[in-house]
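Reader: I've got a structure open and I'd like to learn how to read its pockets and its helix packing. Can you walk me through it?

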Amino acid sequence: MAKVAIMGYGTVGSGVYDIIKMNSDKLRKSAGEELEIKYILDIRDFDDHPEKQLFTKDVKDIINDDEVSVVAEVMGGLHPAYEFTRELLEAGKSVVTSNKELVATYGSELMAIAKEKNVNYLFEASVGGGIPVIRPLSRCLSANNIKRIAGILNGTTNYILYQMITNNKSFETALSSAQANGYAERNPAADIEGHDACRKIAILSSLAAGVEVDYNKIGTEGITNITLDDVRAASAAGAVIKLIGYAEFLDNGKVYAHVAPMMIKKSSMLSGIDDVYNGILITGDAVGDVLFYGAGAGKMPTASAVVADMVDAAIHRTRRRYIGWEKADKDIVAKADEKKFRYFVRADISADTGAFGEVEAVPSAAESEKAFITAPMTASELDGIAVGIKTAIRVLD
């Protein structure tokens, strides 16, 4: 019997409890033994819970209990999740997490401790919620050199853009709808400004590169400046706008990464991923394009990935399961101008397009402007052109 603990009894933590109870027979067959919850850590009281005796407010109860071998950290945030996770790993316990902020910020350090103590630090649920992508990227695609990752990594922003595209809602109205439906927080900055997607693409690109990609060095733009005029013009061009976490692995060994709205032709596999769903398109040099699609957040999908990691950690209690990356000994994040993109530009009708190289004219939704796709150029080259640009959005080719 594997004794386990859950740290945090919010949305995901309660889902982890429910799945372990609901699917106990299936989990026993998968793990080869029963998963028994011995502790649930939370600072709140749950006097009405049917197993209220499991709750503790002191993490030392878990750290000092030699029977507990696997702990699910589903607290969220950096502190005290980081301190608790470090102490648990140093005590010889495996930890699994859905905490993308923790993995992106302290993952290298925590993975090093896990390696030293011969235990596991697993984080399938940190990217894509219930979508299996971490393990496939590190295992199933290990025969490939990964060339590119492009993902719709945030369900809140995808919902907002979908409402703008499909229902002609303004950004503000679509955001209010997302909040009313529980898809966006009262303070939605982490989502709409791109920070959530930034941490996720940092995790994916670190995993593919095998060394840490510092999310603080990834250029990040949100969707707050996207307007209905942008959406309509893209539609007239046979495309949609999505917030994309992008990473490209350059021949010089560096990783170019950004988070930004991008124009995607409707022929792309990513263009039809709508509503709150996520999609991650990974390109390998041998396999080509592989798409991972599904529910990127939510109580049960995310808890499903957490419990799967708990099973994996229970199976591998005596032999470590390596999934992760090393600390980089040099900066591998490419500068913004080391990568060129074509840009979808809306400009004043009188604007001279000559400065943009050979352009591809596209239909415009407004009579008072012209729309076109530029030749490939760097961000600095684009910034140096002053011709009445209303908007400029990267094109995902």
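**The pocket and the helices around it**

Author: Let's start with the empty space: the largest pocket holds about 1,200 Å³. Keep in mind that this is a predicted model. As for the general idea, rolling a probe the size of a water molecule over the atoms shows where empty space is left.

Reader: Okay, and how many residues line the largest pocket, and which lie nearest its centre?

Author: The lining has 43 residues, and Lys100, Glu185, Asp196, Ala297 and Gly298 are the ones nearest the centre. Two or more lining residues come from each of α1 (11–22), α5 (100–117), α7 (155–167), α9 (189–192), α10 (195–209), β11 (277–284) and α12 (299–315).

Reader: Which element gives the most to that lining?

Author: That's α10, with three residues.

Reader: And how do the lining residues divide into nonpolar, polar and charged?

Author: You get 15 nonpolar, 19 polar and nine charged residues in the lining of the largest pocket.

Reader: Now the helices. How do I read a packed pair?

Author: Two packed helices are described by the angle between their axes and the distance between the axes. Try α5 and α10: their axes come within 9 Å and cross at roughly 50°. That makes α5 oblique to α10, and the crossing is left-handed.

Reader: Which residues of α5 and α10 meet?

Author: From α5 you have Lys100, Glu101, Val103 and Ala104, and they meet Asp196, Arg199, Lys200 and Ile203 of α10. By class, that contact has three nonpolar, no polar and five charged residues. Notice Lys100 and Asp196 again, since you met both among the residues nearest the pocket centre.

Reader: What about α7 and α8: at what angle do their axes cross?

Author: Roughly 130°, with the axes of α7 and helix α8 (residues 171–180) coming within 9 Å. α7 and α8 are therefore oblique to each other, and their crossing is right-handed. Tyr159, Ile160, Gln163 and Met164 of α7 make the contact with Phe171, Ala174, Leu175, Ser177 and Ala178 of α8. Here the classes are seven nonpolar, two polar and no charged residues.

Reader: One more pair, please. At what angle do α2 and α12 pack?

Author: About 40°, and the axes of helix α2 (residues 24–31) and α12 are 9 Å apart. The α2 and α12 crossing is right-handed. In α2, Leu27, Ser30 and Ala31 meet Val307, Val311 and Ile315 of α12. That contact divides into five nonpolar, one polar and no charged residues.

Notes. Residues numbered from 1 in each chain as written. Predicted model: local features only at pLDDT ≥ 70, side-chain atom pairs only at ≥ 80, totals over all residues. Heavy atoms only, no water. 1 Å grid on protein atoms, 1.4 Å probe; cavity = no way out; pocket = protein on both sides within 12 Å on 5 of 7 lines; lining within 4 Å. Points joined across faces, edges and corners; volume = space filled by probe spheres on them. Helix = DSSP H or I, 4+ residues; strand = E, 2+ residues; numbered from the N terminus. Nonpolar A, V, L, I, M, F, W, Y, C, P; charged D, E, K, R; others polar. Axes fitted to C-alpha atoms, helices over the stretch in contact; angles between N-to-C directions. Parallel < 35°, antiparallel > 145°, perpendicular 65-115°, else oblique. Left-handed = near helix turned anticlockwise from the far one by under 90°. Contact = heavy atoms within 4.5 Å.
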